[in-house]
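I opened this notebook to keep track of what I looked up, entry by entry. The topics are the bond between cysteines and the open space in the fold.

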Amino acid sequence: MGLTSRSLLYTVVFVAVVCVGLTLWLWPRLSGRGVLPLLGRLGAILVTQLTIMSSVLLAVNAENSFYGSWGELIGKYDRAPGQVTQGIESGGGPNAAPVEAGKGGLVKHTGTEGIDKTDLPQGPKDKVGAVESVRLVARRAGVVEPAFVYLPPQYFQEQYKRQRFPVIIAISGYPGGITNLSHFLRVPKTASELITERRMQPTVIVMVRPTIAPPRDTECVDVPGGPQAETYFTKDLPEALKSAYRVGHAASAWGVMGYSSGGTCALELAMREPGTYPVAGALSADYKIKNDLTTGNLFGDGEAGEKNKREHDLIWRLKNLPAPRVSVLVTSSKEGEKNFKETEKFLKAVKEPMTAAKIILPSGSHNFTTWRREVGPTLEWMGKQMTFPQDVNN
């Protein structure tokens with residue numbers, strides 16, 4: 001039985017219940033004095049506690065997919081990069097995107113705040129690039145948000161001084177933050193290596209968190225009467241970056257990616273605002289946004305709230321609304337990822353002019369070991385979808 005299978009969970013829960021019952025039944029017989037009754041009581045407690053804890057841990061893992069297989073549980077991970085393929089298998093639906101296809105006042109620099117030097121590419125910035133720690137001022141959403149900005153080596157080279165660069169907004173999962181993107185997902189190092197190897201065009205990467213009202217999970221949604229997260233991502237964030245960096249002004253130079261809930265945000269933003277983010281990469285994303293204990297009521301009440309909630313269901317959007325002109329890449333694993341079936345449904349629902357690519361691993365989990373296998377190919381794919389260079393006079 002697989003580590004995340006329901007049959008394993010139900011079996012262990014059944015064993016735990018039996019152990020509790022046997023312990024209660026046998027306890028009077030183990031109440032005597034002596035070594036054997038003492039060992040019997042200790043053994044009953046140990047076995048009961050072990051089965052109960054195993055049930056709890058299996059339930060948590062089945063829900064969150066931290067470990068997708070027995071091999072991963074004992075530390076045997078496949079670290080080979082994932083392969084990008086077309087979104088629909090041959091004979092099934094529309095064609096997917098081919099794989100080969102002066103500082104402004106809205107950004108406040110904070111030096112190296114929060115940056116671990118071990119997370120950075122090592123070398124001169126005109127050879128490997130650099131990472132800046134900043135605060136992004138969002139005038140519409142009314143917040144000031146932290147971010148790391150990776151600038152490619154070409155940004156500092158003389159021959160590129162009049163060029164605008166494509167930009168990728170990288171969104172962490174919830175409740176993680178921007179350090180997860182730099183430290184655990186290794187975005188700056190991976191981008192620097194890809195650019196040095198000429199597998200990715202020079203790109204500015206801005207690392208941000210998915211919520212603008214922590215500890216609440218805002219899920220990139222404009223909450224009625226509450227935090228305006230979608231406005232932040234689609235209006236404030238681009239405005240701030242364009243005011244401070246030489247990044248593309250045309251939408252064709254912009255993309256958004258993320259992992260877990262950040263991947264959900266990436267898909268939502270691209271499909272809801274294709275004029276801002278026509279390219280998206282989503283690692284282990286969900287395809288609808290739901291209310292839960294961390295989000296509160298994101299959509300409002302009544303008929304308007306139900307309509308808002310429905311429109312954040314991406315598969316519903318593809319079936320009931322015109323498809324946006326965007327290119328997306330989604331990832332999952334056949335074994336160990338709970339979003340695999342929904343990923344298949346999403347890919348089958350994609351229709352023109354939208355295109356989709358995918359990375360489907362044989363096995364993987366909802367953790368950074370899996371996402372590190374996917375982030376390089378995702379960045380490489382996204383770079384091929386965005387335009388570069390653009391002259392600063394444009």
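**Entry on the disulfide**

I began with the torsion about the S-S bond of C220 and C265, which comes to about 105°, so the disulfide is right-handed. I note that I am working with a predicted model. The sulfur atoms of C220 and C265 lie 2.1 Å apart, and I found that the structure holds 1 disulfide.

I then looked up where the two partners sit: C220 is in the loop between β7 (204–208) and α7 (229–244), whereas C265 is in helix α8, so the pair ties together parts that are 45 residues apart in sequence.

**Entry on burial of cysteines**

I asked myself whether C220 is buried or exposed. With the cut-off for buried set at under 20% relative accessible area, C220 counts as buried because its relative accessibility is 2%. C265 also counts as buried, at 1%, and I checked C19 as well, which has 14% relative accessibility and therefore counts as buried.

**Entry on the largest pocket**

I turned next to the largest pocket, which holds about 1100 Å³ of space. Its lining is made up of 36 residues, and those closest to the centre of the pocket are S260, S261, D286, K338 and H366.

Which helices each supply at least two residues of this lining? I listed α2 (35–64), α8 (261–272), α10 (314–320) and α12 (368–385). Sorted by class, the lining has 12 nonpolar, 13 polar and 11 charged residues.

I also noted that helix α8 appears in two of my entries, as the place of C265 and as a contributor to the pocket lining.

Key: Residues numbered from 1 in each chain as written. Predicted model: local features only at pLDDT ≥ 70, side-chain atom pairs only at ≥ 80, totals over all residues. Heavy atoms only, no water. 1 Å grid on protein atoms, 1.4 Å probe; cavity = no way out; pocket = protein on both sides within 12 Å on 5 of 7 lines; lining within 4 Å. Points joined across faces, edges and corners; volume = space filled by probe spheres on them. Helix = DSSP H or I, 4+ residues; strand = E, 2+ residues; numbered from the N terminus. Nonpolar A, V, L, I, M, F, W, Y, C, P; charged D, E, K, R; others polar. Disulfide = S-S within 2.5 Å. Buried < 20%, exposed > 50% of the residue type's maximum accessible area, 1.4 Å probe, protein only.
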